[in-house]
Amino acid sequence: MNQERPVSGSLRKAPESFLSRDGIQKVVSEAKNGRRDFIRNAFAAAAAGASLPAAMAQSNPVPTEGGDPNILNLPEHSKALGQGVAPDGSYGKPSKFEADVQRRQSPGLTQTTQASVSFAPLQSLFGIVTPSGLHFERHHQGWWDIDPSKHRLMINGMVKASKVFTLDEIMRLPAVSRFHFIECGANTAVEWGNVAVPTAQYTHGMISCSEFTGVPLITLLELAGADLKKGKFVLAEGADGSSMTRTIPMSLILSGEVFVAYGQNGEMLRPEQGYPLRLIVPGVQGVSWVKYLRRIEVGDMPYATKDEAVHYIDLQPDGLERQYTSIQECKSVVTTPSGGQVLLDKGFYNITGLAWSGRGKVKKVDVSVDGGRNWRTARLETPVLSKALTRFNLDWVWDGKPTIIQSRAMDETGFVQPTYKQLRAVRGTRSIYHNNAIQSWLVQENGEVKNVQVA
Ligand SMILES: Nc1nc2c(c(=O)[nH]1)N[C@H]1C(S)=C(S)[C@@H](COP(=O)(O)O)O[C@H]1N2
Ligand SMILES: [Mo]
């Protein structure tokens with residue numbers, strides 16, 4: 001499905017920049033010894049195959065665009081005046097050449113856009129932060145741009161006195177800023193039975209990672225005089241029409257990890273992400289990160305609300321359902337090369353991807369370029385943060401033959417991401433949530449990359 005759409009991040013898009021001398025020199029000068037030779041040899045081998053553009057073989061370092069390196073032939077942008085600084089009141093946008101890097105809906109997945117999903121374009125992103133405008137969206141009843149001066153957060157239940165906070169009051173309190181991923185429990189849901197969608201955007205794009213800023217929930221509970229001994233759970237409630245309510249165990253709150261956020265990537269939350277206030281529950285599935293947060297009730301039992309008793313339960317092979325399986329277990333995905341992308345030619349490539357664990361830090365990511373027979377350990381790029389996305393990279397020389405690329409992450413608890421075979425042995429094939437199986441991408445002889453599953 002959806003194969004006719006332009007796939008952002010296609011390597012075919014920018015052959016010049018990928019193969020330019022500049023690019024290569026940069027890679028080589030940044031590379032460590034050993035890696036440097038590896039990369040140089042990889043390119044030399046490919047050049048010997050006479051398949052690289054002529055520009056590659058030239059020794060003249062002057063850019064060859066326009067032919068003659070005469071100054072009169074410089075491009076317009078090197079000779080004329082550029083544009084002025086942004087006018088007052090403007091908000092910057094990406095280059096027009098990046099217009100196909102977009103959130104996308106999966107056609108046919110839902111009947112209305114208000115109870116739907118838009119997926120983040122993982123295949124086009126670098127590092128670990130998801131730009132706010134590309135953060136995936138999951139709404140149960142549409143999103144709102146709520147007036148922050150009218151918004152209130154109430155703390156009630158097992159407290160000395162119920163308390164109502166304005167946003168201004170919350171923003172006066174001691175703040176924390178932390179990077180965390182949020183993954184919808186239903187990420188990769190359509191792949192339980194078999195391959196269903198073509199790209200990493202659709203298989204894994206219900207995850208995003210931001211630097212969130214806000215106030216630890218424990219601070220607000222203490223200000224309301226919450227009974228932190230008898231109060232074993234809280235109920236978090238959103239202000240939209242979806243009656244989104246979720247039970248959060250007090251143990252997570254006492255650890256100081258759960259916080260009430262108003263900030264995202266240096267600015268206020270985006271409306272789609274719950275402006276002006278949302279709950280951050282690191283490591284726990286997205287549904288518990290209640291947006292438009294308006295109430296926290298302290299109680300002594302789980303609340304068994306509709307979104308934890310009927311939805312967000314895991315159907316087991318024996319027909320029983322598991323409840324409260326909230327933690328997002330260790331998982332990873334190669335984002336380049338990934339489904340829908342096209343490798344230009346044999347030779348050197350940087351395999352890159354994302355790994356994460358709801359139980360802490362990612363410890364190791366292994367990558368296979370032969371369908372799981374052999375594994376090499378990828379480089380984890382810093383920072384490696386707890387319950388945040390971690391970027392991994394691996395040098396690879398494609399010999400032009402069809403092959404399957406996979407990544408397998410391990411977290412600091414020692415948990416290793418399962419194969420589909422291992423996962424299905426425990427969970428069957430009829431689940432929706434919590435599919436963290438190893439993803440496989442088939443690189444075909446013509447360079448086109450396809451989503452496949454290996455047993
Ligand atoms: N108030 C409210 N909170 C909500 C939801 C919602 O529909 N309403 N959706 C939940 C679900 S299922 C997920 S996966 C995340 C999605 O957050 P995002 O839209 O910022 O990506 O928000 C959660 N919090
Ligand atoms: Mo979700």
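This is a short tutorial dialogue on reading features in a predicted model.

Student: Where do I start? How many helices and strands does the protein chain have?

Tutor: Start with the overall make-up. The protein chain has ten helices and 23 strands. It holds 455 residues, of which 48% count as buried.

Student: What share of the contacts join residues at least 24 apart?

Tutor: Take contacts between residues at least 6 apart in sequence. In this chain, 71% of them join residues at least 24 apart.

Student: Now a single helix. Which residues of helix 10 are buried?

Tutor: Helix 10 covers residues 420–427, and Tyr420, Leu423 and Arg427 are buried there. Look down the helix axis next. The buried residues fall within an arc of 70 degrees, so they line one face of helix 10.

Student: Which exposed residues does the face turned away from that buried side carry?

Tutor: Lys421, Ala425 and Val426.

Student: And what covers the buried residues of helix 10?

Tutor: The cover includes strand 13 (314–315) and strand 14 (321–322). Check what comes after the helix, too. Gly428 follows helix 10, and its phi is positive, near 75 degrees.

Student: How do I read a positive phi elsewhere?

Tutor: Ask whether the residue is a glycine. Most residues other than glycine have a negative phi. Thr188 is not a glycine, yet its phi is positive, about 70 degrees. Thr188 sits in the loop between strand 5 (176–183) and helix 6 (200–204).

Student: Is Thr188 buried or exposed?

Tutor: Buried means under 20% relative accessible area. Thr188 has 3% relative accessibility, so it counts as buried. Compare Ala304. Its phi is also positive, near 50 degrees. Ala304 lies in the loop between strand 12 (293–299) and helix 9 (306–309). With 44% relative accessibility, Ala304 counts as partly exposed.

Student: What about peptide bonds? Which residues does a cis peptide bond join, with omega about 10 degrees?

Tutor: The background first: most peptide bonds are trans. Here, the bond between Tyr275 and Pro276 is cis, with omega about 10 degrees. Pro276 is in the loop between strand 10 (267–268) and strand 11 (278–280). Thr382 to Pro383 is also cis, and omega is near 0 degrees. Pro383 belongs to the loop between strand 19 (379–380) and strand 20 (390–398).

Student: Next, a charged residue. Where is Arg104?

Tutor: In the loop between helix 4 (54–57) and strand 1 (116–118). For a buried charge, look for a partner of opposite charge. Arg104 is buried but has no salt bridge.

Student: Which side chain of opposite charge is nearest to Arg104, and how far away is it?

Tutor: Asp100, at 5.5 Å. A salt bridge needs the charged atoms within 4 Å. Do not stop at side chains, though. The side chain of Arg104 reaches the backbone oxygen of Asp100 at 3.1 Å.

Student: Last, the ligand. How many residues surround ligand 1?

Tutor: There are 22, and the closest are Phe136, His140, Asp240, Arg278 and Lys291. Then sort the polar contacts by the kind of protein atom.

Student: What does the backbone offer ligand 1?

Tutor: A polar backbone atom of Arg138 is 2.9 Å from an oxygen atom of ligand 1. At Trp289, a backbone N or O atom lies 3.2 Å from a nitrogen atom of ligand 1.

Student: And which polar side-chain atom lies 3.0 Å from an oxygen atom of ligand 1?

Tutor: One that belongs to Gln273.

Conventions. Residues numbered from 1 in each chain as written. Chains lettered and ligands numbered in written order. Predicted model: local features only at pLDDT ≥ 70, side-chain atom pairs only at ≥ 80, totals over all residues. Heavy atoms only, no water. Buried < 20%, exposed > 50% of the residue type's maximum accessible area, 1.4 Å probe, protein only. Helix = DSSP H or I, 4+ residues; strand = E, 2+ residues; numbered from the N terminus. Arc of directions from axis to C-beta. Contact = heavy atoms within 4.5 Å. Lys, Arg positive; Asp, Glu negative; His and termini not counted. Polar contact = N/O pair within 3.5 Å; in protein donor to acceptor, adjacent residues only side chain to side chain. Near = heavy atom within 4 Å.
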